[in-house]
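Hi there,

Here's the structure I promised to pass on. Have a look at it first, and then read my notes below with the viewer open.

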Number of protein chains: 2
Amino acid sequence: MSSKITIHDVARQSGVSIKTVSRVLNREPNVKADTRDRVQAAVAALRYRPNISARSLAGSKAYLIGVFFDNPSPGYITDVQLGAIARCREEGYHLIVEPLDSTADNVEDQVAPMLATLRMDGVILTAPVCDHPVVLAALEREEVPYVRISPGSDLDRSARVGMDDRLAAYEMTKHLIELGHRDIGFIIGHPDHGASHLRHQGFMEAMADSGLTVRPERVEQGYFSFRSGFEAAERLLTGGDRPTAVFASNDDMALGVMAVANRLRLNVPETLSVAGFDDTPGAKVVWPQLTTVRQPIAAMAGAAADMLLNGVSWGEGELPPSKLLDFELVVRESTGPVAV
Amino acid sequence: MSSKITIHDVARQSGVSIKTVSRVLNREPNVKADTRDRVQAAVAALRYRPNISARSLAGSKAYLIGVFFDNPSPGYITDVQLGAIARCREEGYHLIVEPLDSTADNVEDQVAPMLATLRMDGVILTAPVCDHPVVLAALEREEVPYVRISPGSDLDRSARVGMDDRLAAYEMTKHLIELGHRDIGFIIGHPDHGASHLRHQGFMEAMADSGLTVRPERVEQGYFSFRSGFEAAERLLTGGDRPTAVFASNDDMALGVMAVANRLRLNVPETLSVAGFDDTPGAKVVWPQLTTVRQPIAAMAGAAADMLLNGVSWGEGELPPSKLLDFELVVRESTGPVAV
DNA sequence: ATCGTAGTTGACAGCGCTGTCTGATTACGT
DNA sequence: ACGTAATCAGACAGCGCTGTCAACTACGAT
């Protein structure tokens with residue numbers, strides 16, 4: 001029944017017009033402190049909550065932020081949602097989640113109707129949809145602001161948040177080198193994720209900077225999945241000639257490497273060091289626990305939401321805003337000194 | 001710009017009134033086939049999409065389904081979202097996700113404003129919020145229909161979907177008994193989750209039905225987290241006297257058990273069998289892979305969405321609808337015959 | 001031809017807000 | 001005292017739809 005309370009009730013109760021109530025609600029200027037207090041008291045007394053549909057129909061805001069993703073790592077997408085919600089709720093915004101099938105050929109049909117009906121105030125995109133040209137084009141056509149998290153291509157096309165994937169991979173590689181490793185295997189991430197390339201690049205540069213050469217057969221293509229990591233590790237680790245460490249581009253694949261090591265009775269980290277990337281919950285769930293890179297996922301999503309809520313925009317000829325957050329090397333038990 | 005197209009444009013283009021367009025859109029009866037076709041052609045030609053705010057302001061539907069959760073296992077909540085979305089999208093509905101902090105003392109303030117502003121058509125609740133009295137009361141007061149997934153208490157208070165947790169635990173226990181285990185440890189799940197009790201119960205009944213007694217020190221309290229499973233397993237497995245198998249009430253805890261076994265150099269499954277529950281992605285990510293129970297999480301969420309979309313309701317004195325879906329015992333490598 | 005009935009369509013009034021514009025009040029300089 | 005500008009408040013018109021109700025059509029039964 002409290003559902004029936006409208007702005008008119010509040011106006012009557014506080015003896016002002018509905019417009020003034022609206023002003024107070026929206027923190028508009030030019031309301032006397034005294035009037036504002038009366039209205040706020042009435043709002044509290046009646047437990048009035050503005051109807052979001054009416055607001056967005058009449059005004060220019062929908063109070064809705066979208067999160068688009070595809071085939072996510074569950075831990076990743078949950079963190080994104082939590083991080084975004086935290087900011088949105090303060091401002092009375094809500095989160096619409098929309099999984100997309102970005103490999104389907106009807107991506108346009110998945111996105112366009114949704115944008116037109118919902119008229120969201122902004123959208124947060126995660127990989128791989130943040131690099132999907134059709135999605136970006138649809139967003140732009142419908143003039144819906146969006147922020148990409150860790151995009152891989154076309155970096156200056158929109159606002160974005162992320163971290164320095166290249167540097168993080170560089171530092172992880174350096175960590176392994178400092179432990180004495182000279183022969184390190186690397187598993188590349190999914191080719192559709194922009195970060196994959198950057199992490200690979202960081203690895204290669206760290207090796208080169210240390211005067212180490214990377215044999216081509218030490219680099220395997222993976223797809224960010226446990227299975228792909230497992231299979232890559234099988235290729236990397238069977239046969240007498242194997243690296244002393246493997247750096248996988250994400251934790252799921254690193255877990256696959258650990259499984260193969262277990263199966264081959266290679267002790268981690270004594271015989272083989274394993275490093276991952278992301279610090280997913282799974283990283284702490286293996287024994288030994290995984291050395292990895294912590295991505296501030298929730299913080300990145302929060303920053304993205306922030307940009308959207310504050311009306312991200314940039315001038316003609318200017319670069320769109322971008323924000324890089326700090327990562328953290330998390331050294332646990334899966335990496336150790338190379339056996340002598 | 002396609003954003004500007006309204007129902008009036010469609011009406012003009014097809015030479016009918018906006019009301020008739022509305023009828024076609026909502027599949028209302030009593031529209032001549034010929035007229036319907038003309039309207040549909042115009043809709044397609046103009047790429048018209050009804051504005052959801054206007055619809056919900058004018059009508060009784062909001063085209064919004066909520067998902068409330070707290071402190072979720074990421075895999076679980078992602079599955080719920082995916083399962084619910086799949087059904088919602090067919091009907092033009094969207095998903096609002098709202099994480100709740102059910103341990104805070106302002107639960108009412110988290111829920112009530114949201115319900116009043118959004119006026120969702122229905123809400124899907126997962127554990128533990130599905131058993132939170134304040135949340136349920138708020139939903140009922142605001143007259144928002146809701147369906148609970150695997151509630152633990154007050155079963156006939158609302159529509160619900162779930163699976164037979166008791167039976168699943170019963171069968172898993174029987175599986176262990178058939179492998180020759182007589183001395184089985186059990187780790188109870190989080191006390192706030194209704195399923196915890198049922199799984200515990202199924203375990204106890206299976207043991208009793210097989211004429212086996214359960215020593216009190218073989219049953220440990222856990223909280224569904226890896227850490228709690230780890231700690232419970234330490235108590236269960238250190239000291240000379242230990243069970244030959246451990247059945248944990250969920251996979252995360254089972255993973256904790258595996259980690260302890262690894263650390264204690266107990267071979268799984270030769271020396272110790274480990275069973276989990278849920279079949280989370282993590283179950284396949286350990287070596288050996290976990291024997292567990294597959295919950296049809298996405299299907300349960302889909303069924304819940306279905307009920308909401310079809311207007312779940314029940315008569316006075318009738319029991320609310322409930323739907324139990326089938327589980328599946330997934331026997332992998334972490335359970336084996338007891339050592340002789 | 002008349003009536004009844006079901007089928008089909010449209011006019012119109014809101015839903016609960018915000019944006020715009022106009023009017024009333026106050027503050028302050030001369 | 002008055003004028004002018006700033007400040008504050010309200011009237012009112014929609015936003016784009018759906019619900020209600022009235023009207024009109026077609027057609028078989030009387």
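Let's start at the DNA. Around DNA strand C there are 25 residues, and those that come nearest are Ile7(A), Ser22(A), Ala58(A), Gly59(A) and Ser17(B). Before you get carried away, keep in mind that this is a predicted model.

Which helices supply the surface near DNA strand C? At least two residues each come from helix H2 (18-25) and helix H4 (52-58) of chain A, and from helix H2 (18-25) and helix H4 (52-58) of chain B. Sorted by class, that surface has eleven nonpolar, ten polar and four charged residues.

Now turn to DNA strand D. It is surrounded by 25 residues, with Ser17(A), Ile7(B), Ser22(B), Ala58(B) and Gly59(B) the closest. H2 and H4 of chain A, along with H2 and H4 of chain B, each give at least two residues to the surface near DNA strand D. The classes there come to eleven nonpolar, ten polar and four charged.

One of those residues is worth a click. Ala58(B) sits in helix H4 of chain B. Is Ala58(B) buried or exposed? It counts as exposed, because it has 11 C-beta neighbours inside 10 Å and the cut-off for exposed is 12 or fewer. Try drawing a line from Ala58(B) to Ser73(B) too: they are 15 residues apart along the chain, and their C-alpha atoms are separated by 38 Å.

Next, how do the two protein chains relate? Chain A superposes on chain B by a rotation of 180° with 0.0 Å of shift along the axis, and the RMSD is 0.1 Å. The two copies are therefore related as by a two-fold rotation axis. Both copies use the same surface, as 100% of the contact residues of chain A recur in chain B.

About that shared surface: 41 residues of chain A are in contact with 41 residues of chain B. On the chain A side, H4, helix H5 (74-90), strand E2 (94-99), helix H6 (107-118) and helix H11 (251-263) each supply at least two residues. H5(A) gives the largest share, seven residues. By class, the side of chain A that touches chain B has 24 nonpolar, twelve polar and five charged residues.

There's also strand pairing across the two chains. E2(A) is joined to strand E2 (residues 94-99) of chain B by three bridges, and the two strands run antiparallel. If you want one pair to find, Val97(A) has Leu95(B) as its bridge partner in E2(B).

Zooming out to chain A as a whole, you can count twelve helices and twelve strands. Its C-alpha atoms fill a box of roughly 85 × 35 × 35 Å along the principal axes. Of its 340 residues, 53% are buried. Among the contacts in chain A with a separation of 6 or more, 72% are between residues 24 or more positions apart.

For some sheet detail, go to strand E8 (residues 245-248) of chain B. In a regular strand, side chains alternate between the two faces of the sheet. Here, Ala245(B) and Phe247(B) point one way, Val246(B) and Ala248(B) point the other way, and all are buried. E8(B) runs parallel to strand E6 (residues 184-188) of chain B, joined by four bridges, and Phe186(B) has Phe247(B) as its bridge partner. E8(B) also pairs in the parallel sense with strand E9 (residues 273-275) of chain B, over three bridges, and there Ala245(B) stands opposite Ser273(B). To get from E8(B) to E9(B), the chain goes through helix H11 (residues 251-263) of chain B, and this β-α-β crossover is right-handed.

Two loop residues to finish. Asp154(A) lies in the loop between strand E4 (146-149) and strand E5 (159-163) of chain A. With 14 other C-beta atoms within 10 Å, Asp154(A) is partly exposed. Its C-alpha atom and that of Lys284(A) are separated by 34 Å, the two residues being 130 apart along the chain.

Thr103(B) is in the loop between E2 and helix H6 (107-118) of chain B. Thr103(B) counts as exposed, with 11 C-beta neighbours inside 10 Å. Thr103(B) and Ser313(B) are 210 residues apart in sequence and, C-alpha to C-alpha, 30 Å apart in space.

Have fun exploring!

Conventions. Residues numbered from 1 in each chain as written. Chains lettered and ligands numbered in written order. Predicted model: local features only at pLDDT ≥ 70, side-chain atom pairs only at ≥ 80, totals over all residues. Buried ≥ 20, exposed ≤ 12 C-beta atoms within 10 Å, placed from the backbone. Contact = placed C-beta atoms within 7 Å. Near = placed C-beta within 6 Å. Nonpolar A, V, L, I, M, F, W, Y, C, P; charged D, E, K, R; others polar. Least-squares fit on C-alpha atoms with pLDDT ≥ 70 in both. Pairing = 2+ DSSP bridges. Right-handed = clockwise from strand over helix to strand, strands pointing away.
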